[in-house]
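The following exercises are to be worked with the sequence and the coordinates at hand. Each task is followed by a solution in steps.

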Amino acid sequence: MKRSVAIVGAGVSGLTSAILFAENGFETAVLAEEIGDETNSAAAGAIWYPYDVGPGAEVVPWALISYGRFLELARDPQTGVSLVELRVFSRTGPIMPPEWAQPFATRALEAGEIPAAFVGGFSIRVPLIETTKYLAYLKSRLTNAGGLITRAVRFNDLSELGNSFDLVVNCAGVGARELAPDPELEPHRGQVAIVEKLDLSYAVVCDDPPLMYAIPRSADCVFGGTNDISEDRQPDPTQTARIIKECERVLESSKAVLLRERVGLRPCRKSGVRVAAEKLGDGGTVIHNYGHGGAGFTLSWGCAQTVLELARGFL
Ligand SMILES: Cc1cc2nc3c(=O)[nH]c(=O)nc-3n(C[C@H](O)[C@H](O)[C@H](O)COP(=O)(O)OP(=O)(O)OC[C@H]3O[C@@H](n4cnc5c(N)ncnc54)[C@H](O)[C@@H]3O)c2cc1C
């Protein structure tokens, strides 16, 4: 008999976890208030790179597993995944690529490659994930594997699901603060400005304040960013103007044409990502998969794999 799994959440964490369950013979249902492009996940850049994620020995292994998956997905343009050169800059001094990044064509940047706004930098080849296209790809891959998706359902307690499914997986992002409940979760608000395509062949990021990034995508470019503790999902025009001004200054580019603004909440957890099983009040079991901070795409396949392994131990 097929085992049934309910996944709460349809951002990148929920959809990726659901795919692994559905493709491994589980009856899989995703239930969420918002789906895909409506979620916080849709606001991300998104570049593969661990950023603003709490401590944890598993972060790098999860990121490396995901890198491998994205590499496979990049062979198919329908997925919205490609490979891009990322230039990571510092405003304070020379920086070196981390040890674990060595396999990914890393190199120190030469003086002539460092814009006047920065003092050091390195280059690395990473997956670029175009969120709208990628979240749509995840949804269709899930439904093709037999998974069901139900939108506009909100839960106040995970025990509401425990009786109807063999297992519940909590991928509620910042919503897990109430749902788990978990007071350690903080919404790290990020705003981006999506501008018309620029003549930029690599992505640029600097997380020394002020946080700045420019990510060239197939049809536009994402300018960022902000990182404040807030749950306000409305774009702030003053922040948009500041983001665009700083990107234009750093890139020494002409006036960028604003297409759209987007805001998302990074689910940051002080003690790190939570991928762990817990007993529910009604005797059922939940596996949590939340708290990925600014690295939800970067960790998505690695975390989903751990969730599946934990589930196999229970069922
Ligand atoms: C501006 C910005 C840039 C970023 N850039 C990157 C990047 O370059 N690379 C990277 O790896 N990451 C990046 N991130 C981080 C990444 O977007 C997040 O880590 C990721 O989106 C978290 O995904 P999630 O699926 O866990 O949560 P979410 O996308 O927030 O999804 C949560 C889901 O749970 C549902 N839900 C919540 N509570 C309930 C409830 N009570 N009942 C029912 N449903 C509920 C929601 O409706 C939604 O479906 C960025 C984030 C932002 C904001």
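**Exercise 1. The ligand shell**

Which helices and strands each supply at least two residues of the shell around the ligand?

Solution. The model is a predicted one. Step 1: the residues surrounding the ligand number 42, and the closest are Gly11, Gly173, Gly175, Gly190 and Gly296. Step 2: assigning the shell to secondary structure gives β1, α1, β2, β8 (185-196), β13 (258-269) and α7 as the elements that each supply at least two residues. Step 3: sorted by class, the shell holds 19 nonpolar, 19 polar and four charged residues.

**Exercise 2. Overall dimensions**

Determine how many helices and strands the chain has, and compare its radius of gyration with the globule rule.

Solution. Step 1: the chain contains seven helices and 15 strands. Step 2: its radius of gyration is 19 Å, whereas the globule rule gives 20 Å for 315 residues; the two values are close, so the chain is as compact as a globular protein of that length. Step 3: along the principal axes, the C-alpha atoms fill a box of roughly 60 × 40 × 35 Å.

**Exercise 3. The six-stranded sheet**

What is the strand order of the open sheet of six strands, and which strands stand at its edges?

Solution. Step 1: the order reads β6-β2-β1-β7-β15-β14, and the pairing is mixed. Step 2: β6 (148-151) and β14 (274-279) each have a single partner strand, so they stand at the edges and one side of each lacks a neighbour in the sheet. Step 3: from one strand to the next, the twist averages 20°. Step 4: at one edge, β2 (residues 27-35) runs parallel to β6 and is joined to it by four bridges; Ala29 stands opposite Leu148 of β6. Step 5: at the other edge, β14 and β15 are antiparallel, with six bridges, and Lys279 has Thr285 in β15 as its bridge partner. Step 6: five residues lie between the strands of this hairpin, where Gly283 takes a positive phi near 95°.

**Exercise 4. Helices on the sheet and against each other**

Identify the strands that α1 touches and those that α7 lies across, then classify the packing of α2 and α7.

Solution. Step 1: helix α1 (residues 12-22) touches β1 (4-10), β2, β7 (167-170) and β15 (285-290), and its direction makes about 160° with that of β1. Step 2: helix α7 (residues 296-314) lies across β1, β7, β14 and β15, at about 170° to β15. Step 3: helix α2 (residues 59-73) packs with α7 at an angle of about 105°, the axes being 6 Å apart. Step 4: angles from 65 to 115 degrees count as roughly perpendicular, and α2 and α7 are therefore roughly perpendicular to each other. Step 5: among the residues that meet in this contact are Trp62, Ile65 and Arg69 in α2 and Leu299, Trp301 and Cys303 in α7. Step 6: the contact residues divide into eight nonpolar, five polar and one charged.

**Exercise 5. Backbone exceptions**

Where are the cis peptide bonds between Gly45 and Ala46 and between Pro209 and Pro210 placed, and where is Ala105 found?

Solution. Step 1: most residues other than glycine have a negative phi, and most peptide bonds are trans. Step 2: the cis bond joining Gly45 and Ala46 has an omega of about -10°, and Ala46 belongs to the loop between β2 and α2. Step 3: the cis bond joining Pro209 and Pro210 has an omega of about -5°; Pro210 lies in the loop between β9 (203-206) and β10 (212-216). Step 4: Ala105, although not a glycine, has a positive phi of about 50°, and its place is the loop between β3 (81-90) and β4 (107-108).

Methods
Residues numbered from 1 in each chain as written. Predicted model: local features only at pLDDT ≥ 70, side-chain atom pairs only at ≥ 80, totals over all residues. Pairing = 2+ DSSP bridges. Axes fitted to C-alpha atoms, helices over the stretch in contact; angles between N-to-C directions. Contact = placed C-beta atoms within 7 Å. Parallel < 35°, antiparallel > 145°, perpendicular 65-115°, else oblique. Nonpolar A, V, L, I, M, F, W, Y, C, P; charged D, E, K, R; others polar. Near = placed C-beta within 6 Å. Rg over C-alpha atoms; globule rule 2.2 N^0.38 Å.
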